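Work through the following exercises with the sequence and the coordinates at hand, and compare each result with the worked solution beneath it.

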Amino acid sequence: MEALILSCSTGGGHNSAAQAMVHELTARGWTVHFFDPYSLRSPQMARRVGSAYVSMVQLSPHLFGAVYQLGRLYEEGERNFSLPNPVLAVQKKTALALHRWLSEHPVDLILCSHPYPGLMLTWLKNHGLHVPPSVMIPTDYTCCLLYTSDAADDK
């Protein structure tokens with residue numbers, strides 16, 4: 001059996017949780033691939049996404065809190081006015097790179113320890129592309145509504 005574990009380097013907890021999954025599945029005899037999907041576009045892209053998030057949290061925690069509040073407001077707008085999810089739409093290019101990787105490296109299962117890879121898989125499914133069985137294992141302290149699948153439809 002082969003598994004793909006996807007994380008994002010926006011803080012060490014997501015990657016630590018992913019590494020624990022790698023360890024457990026490997027111990028059970030699985031072949032495991034683990035990476036940050038932004039690295040499929042470029043290593044610099046993966047570093048930029050991670051460092052932008054960490055910088056915002058460290059240097060401007062109030063802005064970080066405002067983003068979460070914006071998610072709550074946007075969710076109401078999405079529900080009332082059928083607005084597209086901007087976070088999902090931003091994942092398109094990386095989702096397509098992930099789809100190309102999956103086409104060349106089929107897996108039996110995908111596990112995500114960060115919402116961004118989960119949104120990439122959602123984008124692929126919403127656009128009729130095959131996605132193996134997938135599981136999102138939340139590793140955040142709270143849920144940002146911009147990341148929820150109810151709001152994650154950019155059709």
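The exercises go from the overall fold to the nonpolar cores.

This is a predicted model, in which local features need pLDDT of at least 70 and side-chain atom pairs count only at pLDDT 80 or more, while totals for chains, interfaces and linings use all residues. Residues are numbered from 1 along each chain as its sequence is written, and side-chain values use heavy atoms, with hydrogens and water left out.

**Exercise 1.** Determine the order of the elements in the protein.

Solution. Begin with the DSSP runs, numbered from the N terminus, taking helices as H or I of at least four residues and strands as E of at least two. This gives six helices and four strands, and reading from the N terminus yields β-α-β-α-α-α-α-β-α-β.

**Exercise 2.** Identify the elements that each supply at least two residues of the largest nonpolar core.

Solution. A nonpolar core is a set of buried (under 20% relative accessible area, 1.4 Å probe, protein chains only) Ala, Val, Leu, Ile, Met, Phe, Trp, Tyr and Cys residues joined through side-chain atoms within 4.5 Å. The largest such core has 24 residues, and L4, Y38, L98, I110 and Y116 have the most contacts inside it. At least two residues each come from β1 (2–6), α2 (43–59), α4 (86–90), α5 (92–104), β3 (109–112) and α6 (115–126). Of these, α6 gives the largest share, six residues.

**Exercise 3.** List the contacts of L4, leaving aside its neighbours within four places in sequence.

Solution. With contact taken as heavy atoms within 4.5 Å, the partners of L4 are H33, F35, L98, W101, L102, V107, L109, I110 and L111.

How values were computed: Buried < 20%, exposed > 50% of the residue type's maximum accessible area, 1.4 Å probe, protein only.
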